[in-house]
Amino acid sequence: MVAFIIRRLLQAVLVMMAVGFVAFSLFAYVGDPVAIMLGQDFTEEARMRLVRDLGLDQPFFVQYFNFLVKAAQGEFGISYRLARPVSDLLMERLPATLELSLCAALLALLVGVPMGVYTGLNRDSFLSRLMLTVSLVGVSLPTFLIGILLILVFSVLLGWLPSFGRGTTVALGWWTTGFLTPTGLRALILPSITLALFQLTLIMRLVRSEMLEVLRTDYIKFARARGLSNRAINFGHALKNTLVPVITITGLQLGGIIAFAIVTETVFQWPGMGFLFIQSVSAADVPVMAAYLILIAFFFVLINLVVDLLYYAVDPRLRVDRGAAGGH
Amino acid sequence: MDKLSNRPLLEVKNLRVEFPTRRGTLVAVDDISFSIQPGEVLGVVGESGAGKSLTGAAIIGLLEPPGRVAGGEILLDGQRIDNLPYEKMRRIRGKEIGAVFQDPLTSLNPLYTVGRQLTETILTHLDMSESEARARAIGLLQDVGIPAPERRIDHYPHQFSGGMRQRVVIALALCANPRLIVADEPTTALDVSIQAQIITLIKRLCREHGTAVMLVTHDMGVIAETADRVAVMYAGRIAEIGPVRDVIQRAKHPYTEGLMGSIPKLGNAPARLAQIDGAMPRLTAIPKGCAFNPRCTKRFTPCTQLRPDPIPVGATDVACWLYDQTKKAAAE
């Protein structure tokens with residue numbers, strides 16, 4: 001178990017170094033920071049000094065190493081566009097994105113899993129067919145279109161919910177939250193639904209097909225032959241056996257939710273990291289882009305680690321040392 | 001037990017199991033009748049597709065849809081159980097009728113300890129506290145011959161070997177002390193040496209608990225070893241049913257004779273084994289008259305025309321025109 005975690009952590013470090021390399025390459029190949037920072041008029045002497053100050057005269061690998069060391073300390077330099085430390089910018093935006101992603105993920109899970117179980121158990125009912133048909137819409141409509149449609153209906157036509165922004169937020173230390181004010185909560189609804197819809201339908205379809213698969217297994221038949229109640233069979237035995245694939249996909253999707261909040265945040269002018277990233281791309285603000293890239297990669301790595309640990313919690317076959325198991 | 005033995009524990013009367021398909025209805029079990037006395041072991045043999053497993057599934061009320069009981073009755077202790085609503089039948093399954101399936105490797109839920117699966121079954125059927133149920137579970141594991149049950153109860157299925165898992169499955173079937181166990185090929189998936197152990201175990205437990213067993217298998221050896229009576233099934237019908245010794249030593253139905261001829265005997269000169277030519281008909285193409293007639297060496301006129309019903313011949317019941325004196329006389 002400990003060896004497993006250590007192995008995974010080492011892998012995570014390698015992944016982060018690779019992502020760091022890509023992020024670092026942005027500096028080298030997207031624009032020339034010296035030219036950007038010096039502006040129009042400069043002396044050759046000033047240019048040389050800046051190159052030396054930025055460490056650009058040093059060999060490639062030394063620069064890369066320095067970049068990694070600074071990145072590990074949370075230092076990503078100064079934004080070209082806003083002339084503020086990138087880490088400050090990201091930290092300001094992080095809560096907005098994480099709160100939105102959390103709401104979307106919870107919505108997708110809390111609605112998607114029960115719907116998947118229902119459609120798996122009542123394969124031929126009218127409601128199941130309806131859910132499956134409607135879920136096709138969720139899978140096939142692009143996120144931005146869903147967002148715009150929701151704004152049209154609930155903000156423009158009905159006027160019930162705000163169409164942009166986070167509403168009023170409350171600062172808890174450096175974390176700003178929208179959970180504590182009515183406007184903040186109302187502002188969360190539409191973006192959360194937009195972001196969750198695709199994941200929700202995906203989870204529902206996944207749980208459904210896994211349920212159908214598990215319900216056909218011998219141990220479910222045997223559980224019926226033992227006279228267990230339907231509730232115990234469906235939720236105790238069947239659902240738990242669908243969890244491993246569901247955890248895998250959900251974990252990956254959670255990373256996706258955080259990363260692809262970009263579109264939703266842009267549609268709803270949500271002051272999160274994704275929106276910041278889009279603005280930075282259009283301004284070729286390389287430090288912000290690089291830092292965003294690394295941060296998102298970090299989330300993915302972290303989530304994958306949690307997913308792996310959850311496997312252990314769910315499936316006892318992984319927990320036992322190899323070799324101790326008798327006869328397969 | 002003597003008082004009870006007048007009335008059979010299980011009675012199957014004219015049971016018919018059908019599968020509606022797009023190309024018409026398939027009759028997988030066709031009008032079969034038999035009974036099991038309390039504490040008796042009834043073996044059911046036949047080739048794959050003869051309907052023996054479906055009969056077992058019909059008795060525990062777990063036919064896979066679209067299969068359904070289309071006719072006849074199943075009575076447990078004189079009570080009809082084939083037409084009970086799901087919830088009522090559920091309370092009989094596991095409590096009155098236990099089941100053992102073929103593959104012990106897939107019969108247990110891999111995510112729960114065997115202890116949890118045992119106590120769950122016990123608590124479903126018996127009024128007990130958690131700790132009583134656990135004590136009973138340990139006792140059951142001990143009963144089925146699992147060493148160190150106090151420790152093993154908290155192990156997961158994958159930590160047991162195949163034979164041990166089948167023992168756990170048997171313990172699960174015995175949780176509520178059922179009066180009948182339907183064992184569907186309980187030894188087929190196991191090594192030969194383990195098979196013998198499991199058969200001995202089933203025999204011993206049934207004797208100790210007075211449990212009747214319907215033992216479905218295609219292994220005549222297992223039947224000879226275990227059963228009191230045996231039913232030979234062919235193409236959804238019972239060809240011959242009677243005390244195991246009579247059926248094995250004085251087989252009457254030509255199909256049973258063929259079956260016995262195909263079993264190697266120890267001690268005899270290594271002659272070529274007898275075999276029955278041809279194959280069992282598919283359900284879509286069951287021949288008119290006796291289903292066995294195209295393969296039968298003793299076929300005569302009525303066999304291709306009329307379906308024989310089981311008639312008593314000595315200690316056994318045989319579904320064969322050879323034993324119908326009037327038909328026989330008419331043919332001669």
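Q: In this predicted model, which residues of S7(B) point the other way from B:Leu180, B:Val182 and B:Asp184, and are they buried or exposed?
A: Let's look at the two faces of the strand in this predicted model. B:Leu180, B:Val182 and B:Asp184 point one way from S7(B), and every one of them is buried. The residues that point the other way are buried too, and they are B:Ile181 and B:Ala183.

Q: Why is strand S7 (residues 180–184) of chain B described as largely enclosed by the rest of the structure?
A: A residue is taken as buried here if 20 or more other C-beta atoms lie within 10 Å of its own. Strand S7 of chain B is largely enclosed because the number of its residues that are buried is 5 of the 5.

Q: Over how many bridges do S7(B) and strand S8 (residues 212–216) of chain B pair?
A: S7(B) has strands to pair with in chain B, so to speak, in the parallel sense: strand S6 (residues 97–100) pairs with S7(B) over 4 bridges, and B:Ala99 stands opposite B:Val182. For S8(B), the bridge partner of B:Leu180 is B:Ala212. The pairing of S7(B) with S8(B) is also parallel, and its bridges number 5.

Q: Which strands are the edge strands of the open sheet with the order S2-S1-S4-S5 in chain B?
A: This open sheet has 4 strands with antiparallel pairing. An edge strand pairs on one side only. In chain B that description fits S2 (24–36) and S5 (79–80).

Q: Which residue of S2(B) is the bridge partner of B:Glu11?
A: Strand S1 (residues 10–21) of chain B runs antiparallel to S2(B), with 9 bridges between them. One of the bridge pairs joins B:Glu11 to a residue of S2(B), namely B:Ser35.

Q: Which helix gives the most residues to the largest nonpolar core?
A: This core has 163 residues, and B:Ala58, B:Met214 and B:Val232 touch the most other members. Domain 1 (2–72) and domain 2 (86–319) of chain A both contribute residues, so the core lies between them. With 15 residues, the helix that gives the most is H8 (residues 182–215) of chain A.

Q: Which residues is B:Ala58 in contact with, leaving aside its neighbours within four places in sequence?
A: B:Ala58 is one of the core residues that touch the most other members. Once its neighbours within four places in sequence are left aside, the contacts of B:Ala58 are B:Leu15, B:Val17, B:Val29, B:Leu63, B:Val69 and B:Ile74.

Q: Which helix gives the largest share of the side of domain 1 of chain A that touches domain 2 of chain A?
A: The domain assignment of chain A gives domain 1 (2–72) and domain 2 (86–319), with 33 Å between their centres over C-alpha atoms. In the contact, 14 residues of domain 1 meet 11 residues of domain 2. By class, the domain 1 side has 11 nonpolar, 2 polar and 1 charged residues. The largest share of that side, 10 residues, comes from helix H1 (residues 2–29) of chain A.

Q: Which helix gives the most to the side of chain A that touches chain B?
A: The contact takes 25 residues from chain A and 27 residues from chain B. On the chain A side, the classes are 11 nonpolar, 7 polar and 7 charged residues. The elements giving two or more residues to this side are helix H9 (218–225), helix H10 (230–259) and helix H14 (316–319) of chain A. The one that gives the most, with 7 residues, is H9(A).

Q: What covers the buried residues of H12(A)?
A: In helix H12 (residues 273–282) of chain A, the buried residues are A:Met273, A:Gly274, A:Phe275, A:Leu276, A:Phe277 and A:Ser280. The helix is followed by A:Ala284, which has a positive phi near 50 degrees. The cover over the buried residues includes H5 (86–121), H11 (261–267) and H13 (286–314) of chain A.

Q: Which element of chain B has the lowest mean pLDDT?
A: Chain B averages a pLDDT of 86, and 95% of the residues score at least 70. Residues 1–5 of chain B stay under 50, and the model has 6 contacts for them beyond four places in sequence. Among the elements, helix H4 (residues 114–125) of chain B has the highest mean, 93. The lowest mean, 74, belongs to helix H12 (residues 325–331) of chain B.

Methods
Residues numbered from 1 in each chain as written. Chains lettered and ligands numbered in written order. Predicted model: local features only at pLDDT ≥ 70, side-chain atom pairs only at ≥ 80, totals over all residues. Buried ≥ 20, exposed ≤ 12 C-beta atoms within 10 Å, placed from the backbone. Contact = placed C-beta atoms within 7 Å. Pairing = 2+ DSSP bridges. pLDDT = per-residue confidence, 0-100. Domains from an automatic or database assignment. Nonpolar A, V, L, I, M, F, W, Y, C, P; charged D, E, K, R; others polar. Core = buried A, V, L, I, M, F, W, Y, C linked by C-beta atoms within 7 Å.
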